[in-house]
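Here are my notes on this entry, set out as numbered points. Please read them with the structure open beside you.

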Amino acid sequence: MKLSTKHLLGIKDLNKEDIQLILSTAGQFKEVLQRPVKKVPSLRDITIVNLFYENSTRTRMSFELAERRLSADVLNFTASSSSAAKGETLLDTVNNILSMKVDLVVMRHSASGAPHFLAKHIPAAIVNAGDGINEHPTQALLDAFSMQEKTGRIEGLKVAIIGDIMHSRVALSNMYLLKKMGAEITVVGPPTLIPKYLEEALGVRVTYNVQEALQWCDVANVLRIQLERQNQPLFSSLREYNLAYGIKQKMLDKLNKEIVIMHPGPINRGVELDSDVADGPHSIILNQVENGVAVRMAALYLLAGRSDEN
Ligand code: CP
């Protein structure tokens, strides 16, 4: 089987079969990653550049590890230490890198739509590793993989997405994916951090009551407050945000039911999530990070078009 798309720019462009194919392939790669020798030769004649115009810990290391586990050759580009800092354009930068016989571009950029722009101008396949406030498709895929691994299903699962919905590419990619896969979604946060008309646009439920959402859901995906993307104050203070919307252990103690706590990272401890919850028994946050490698191996492998050859 093959993906229906050449690029992985967003979950919006994938169909349900694409998502199922990536998740099932990731399951096979997760099994490979449990072996003493964690490397396979699948991409041994492929060269991949990781083009990061915005900071990252998890996504960048996860992609690099996935590429190396697949035996690809890997180039790493950091904008702040490159000629981009001297004013070189994105397109000039990428065309110069591609002239060195690079096959695939993994790209993070603070501008929404930057990978979509690039896809119109270069021949190589592009994987979006997060573009501004638009999409973070591999995060949504690893979130779905982790939900399925923990609960046994995605269809019919009740997922609460809590926090800064307005500025979160993780929220948008998760909403697209979970809707396509038949999950139920409630978004929760201050009214100023939830886009208007979200219910009508994406078919999700909106509430401003965190405890009610926790009582309803099977899985709570808690998001980072993205102060760097807020040009003006959208709530009174971080302390008051934590009081009204932060997830605390005492809120989980009241539930009298199982719940799974997720967070894409990095966590603002004591703001959207208290440490005893982040590090507690309901949390699968580090499982998400672990699963990211297998999911990115699957996406890269399938995009490189090798699925029919092995
Ligand atoms: N989840 C995520 O995208 O984390 P990084 O910004 O560290 O890559």
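1. Beginning with helix 2 (residues 58-69) of this predicted model, its 12 residues should span 16 Å at 1.5 Å a residue, and because the end C-alpha atoms are in fact placed 16 Å apart, the expected and modelled lengths agree.

2. On burial, helix 2 places Thr-59, Arg-60, Ser-62, Phe-63, Ala-66 and Glu-67 among the buried residues, where buried stands for a relative accessible area under 20%. The cover over these buried positions includes strand 1 (47-52), strand 2 (73-78), strand 3 (104-109) and strand 4 (125-131), together with helix 5 (137-151) and helix 12 (285-303).

3. After helix 2 comes Ser-71, and the phi of this residue is positive, with a value near 70 degrees.

4. Turning to the protein as a whole, the model holds 12 helices and nine strands, and 58% of its 310 residues count as buried. Of the contacts between residues at least 6 apart in sequence, 73% join residues at least 24 apart.

5. As for overall dimensions, a compact globule of 310 residues would have a radius of gyration near 19 Å, and the protein has 19 Å, so the two agree. The C-alpha trace spans about 55 × 45 × 35 Å along its principal axes.

6. Concerning the surface and the charges, the protein exposes about 13600 Å², of which carbon and sulfur atoms supply 51%. There are 35 positive and 34 negative side chains, and the centres of these two sets lie 2 Å apart.

Key. Residues are numbered from 1 along each chain as its sequence is written. This is a predicted model: local features need pLDDT of at least 70, side-chain atom pairs count only at pLDDT 80 or more; totals for chains, interfaces and linings use all residues. Side-chain values use heavy atoms; hydrogens and water are left out. Helices (H or I, at least four residues) and strands (E, at least two) are DSSP runs, numbered from the N terminus. The radius of gyration is taken over C-alpha atoms; the globule rule is 2.2 Å times the number of residues to the power 0.38. Buried means under 20% relative accessible area, exposed over 50%, partly exposed in between (1.4 Å probe, protein chains only). Contact means heavy atoms within 4.5 Å. Accessible areas come from the Shrake-Rupley method with a 1.4 Å probe; for residues, only the protein chains shown count as cover. Lys and Arg count as positive and Asp and Glu as negative; His and the chain ends are not counted. The place of a charge is taken as NZ of Lys, CZ of Arg, CG of Asp or CD of Glu. The expected span of a helix is 1.5 Å times one less than its number of residues.
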